[in-house]
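I opened this notebook to record a few look-ups on helices, their packing and some individual residues. The entries follow the order in which I made them.

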Amino acid sequence: MPKPLRIYNTLSRTIEDFKPLHEDKVGMYVCGPTVYNYLHLGNCRTFSSFDIIFRFLTYCGYKVRYVRNITDAGHLEGDRDEGDDKFAKRAKLEQLEPMEIVQKYTQYFHDVMREFNCLPPSIEPTATGHIIEQIELTKQILANGWAYEVEGNIYFDVAKYSQDNNYGVLSNRNLADLLDGTRELGGQDEKHGRLDFALWIKAKPEHLMQWQSPWGMGFPGWHIECSAMSQKYLGQQFDIHGGGMDLIATHHTNEIAQNCACSGTGPARYWMHTNMLTVNGVRMSKSAGNGFLPDELFKGTHPLLEKGYSPMSVRFFMLQSHYRSTLDFSNEALQAAEKGYARLMSAMKLIDTLKTDGDASAYIQELRNKCEFAMCEDFNTPIAIAHLFEGVTFINNVNDGREKISVADKTALKKLFYDFVFDIFGLKEELGSNNETLSDVVKIILEQRADAKARKDFASSDALRDKLLAAGIVIKDSKEGTTFTVVG
Ligand SMILES: [Zn+2]
């Protein structure tokens, strides 16, 4: 077992030795998507990062219970209980039932996770499947005196909680700072304090997703679901809690407060957060017009993309940044990743064909140690990849006759690459644009299409494009010519 594993803990803002609560077992909870819209790329990065963490913990010999929830109710537009219910609003827009919205976008989420080759979590609980647990937790917080009721709404009392607890412990901000960042309460506000947040929200009669509770018909607040579900499946205290860093200030801060109000202890010992995405150095967001969806990235249909990039090229691209660093998307960087991934796959294919006329050496074990050490140091994938590429150079050298390898070392080399590339990094071989035979065939079809276009036979050229699309090959015309991406 490669140890010691060290993890950056947002709570202490330092890298700490990882000591699980129960020897050889790890409980990990990651905040999942709110399934009211297409999954955005920031989420893909977060879930891919935790997928690699899950995979590496398993490689280290831990038995991991990985819980990732689905938020399918109770999330208002503003994280601080403001605005419309996200599901109700989207349902109105798409003229569907809220649960049809949930079904549609849960399906989409699972499809994207499969494309990125993310393993399913051990348990994937939904908020609507745990209404009773959320009501129970709310009752307990009320009974302990940390919450109050106003006309069917239950609010968490942050001022009272803060008398004995540090509410801003996760974000490392004091109460005055946090208050500065929130708006003044208006006359119609029923909350006692600006930072108070809803545990239970009274539903208007027309609200489609509402449940019976001791306080009348309503629905749970967003934050209480994660406290309820993590406690149910991982216990009052567990090892790792993760999510995107945008969750630190409100969602995770409130989760800690809820848990402490119930059981006197925060839920997790290690809090891990993934950083955000940028595009050509600018923060990725819908409002900036640079927030492309996974599908747009795979097919190259967003105006900022020169071409499409296959899911494994994107996964490899993500691995090249540490999960706590920002990840900057640009066509150059994506194309470099595409080449790097192809180089890695080609080298792996060579391993079986290497001649074995060398003497035993410690080189392969040293390489494995270096890769393990990088991953043990807060899951440093870019450094581990850099070491693997030393191995790629070695493979190519042996193939060219510049270096030699023994039989045993060749077996160890293959195992090292399979362990890291497939099992830990979760990459897989793709029948993609890098497949030479397929690439040649598509090029022949593209030439025929270009001929048809030149003859102004647009019916034939469009038919070829559509047939390729039906076969999972998306083509994109530009000034420089036509490129294609395999997405099927
Ligand atoms: Zn959560």
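Within what distance do the axes of H1 and H14 come, and at roughly what angle do they cross? I note at the outset that the model is predicted.

**Entry 1: H1 and H14**

I found that the axes of H1 and H14 come within 10 Å and that the crossing angle is roughly 140°. Angles over 145 degrees would count as roughly antiparallel; the value for this pair makes H1 oblique to H14. On the H1 side I listed Ile 52, Arg 55, Phe 56 and Tyr 59, and on the H14 side Asp 419, Asp 423 and Ile 424. By class, I recorded 4 nonpolar, no polar and 3 charged residues in the contact of H1 with H14.

**Entry 2: H4 and H7**

I then turned to helix H4 (residues 131-143) and helix H7 (residues 222-234), which pack at an angle of about 105° with their axes 9 Å apart. H4 and H7 are therefore roughly perpendicular to each other. From H4, the residues Glu 133, Gln 134, Leu 137 and Thr 138 meet Ile 224, Glu 225, Ser 227, Ala 228 and Lys 232 of H7. I counted 3 nonpolar, 3 polar and 3 charged residues in the contact of H4 with H7.

**Entry 3: H13**

I checked the length of helix H13 (residues 381-399) next. At 1.5 Å a residue, its 19 residues should span 27 Å, and the end C-alpha atoms are 27 Å apart, which agrees. Which residues of H13 are buried? I listed Thr 381, Ala 384, Ile 385, His 387, Leu 388, Gly 391, Phe 394, Ile 395 and Val 398. They cover an arc of only 160° around the axis, so they lie on the same side of H13. I found that these buried residues pack against helix H1 (41-59), helix H10 (311-319), helix H11 (331-351), helix H12 (363-376) and helix H14 (407-424). Just after H13, Gly 401 has a positive phi of about 85°.

**Entry 4: H16**

I repeated the length check on helix H16 (residues 458-470). Its 13 residues, at 1.5 Å each, should span 18 Å; the end C-alpha atoms are 18 Å apart, in agreement. Gly 472, just after H16, takes a positive phi of about 90°.

**Entry 5: positive phi outside glycine**

I looked for positive phi values in other residue types, given that most residues other than glycine have a negative phi. Asp 378 has a phi near 60°, a positive value in a residue that is not glycine. I located Asp 378 in the loop between H12 and H13. Asp 378 has 19 other C-beta atoms within 10 Å and is therefore partly exposed, since 20 or more are needed for a residue to count as buried.

Lys 456 is not a glycine either, and its phi is positive at about 60°. I placed Lys 456 in the loop between helix H15 (436-454) and H16. Is Lys 456 buried or exposed? With 8 C-beta neighbours inside 10 Å, Lys 456 counts as exposed.

**Entry 6: Val 102**

I closed with Val 102, which sits in helix H3 (residues 98-115). Val 102 is buried, with 25 other C-beta atoms within 10 Å. Setting aside neighbours within four places in sequence, I found Val 102 in contact with Val 35, Asp 72 and Phe 87. I also took the separation of the C-alpha atoms of Val 102 and Phe 329, which is 29 Å for residues 227 apart along the chain.

Methods: Residues are numbered from 1 along each chain as its sequence is written. This is a predicted model: local features need pLDDT of at least 70, side-chain atom pairs count only at pLDDT 80 or more; totals for chains, interfaces and linings use all residues. Helices (H or I, at least four residues) and strands (E, at least two) are DSSP runs, numbered from the N terminus. The expected span of a helix is 1.5 Å times one less than its number of residues. A residue is buried if 20 or more other C-beta atoms lie within 10 Å of its own, exposed if 12 or fewer, and partly exposed in between; C-beta atoms are placed from the backbone. The arc is that of the directions from the helix axis to the C-beta atoms. Two residues are in contact if their C-beta atoms, placed from the backbone, lie within 7 Å. Axes are lines fitted to C-alpha atoms, for helices over the stretch in contact, and angles run from 0 to 180 degrees between N-to-C directions. Angles under 35 degrees count as roughly parallel, over 145 as roughly antiparallel, 65 to 115 as roughly perpendicular and the rest as oblique. Ala, Val, Leu, Ile, Met, Phe, Trp, Tyr, Cys and Pro count as nonpolar, Asp, Glu, Lys and Arg as charged, and the others, Gly among them, as polar.
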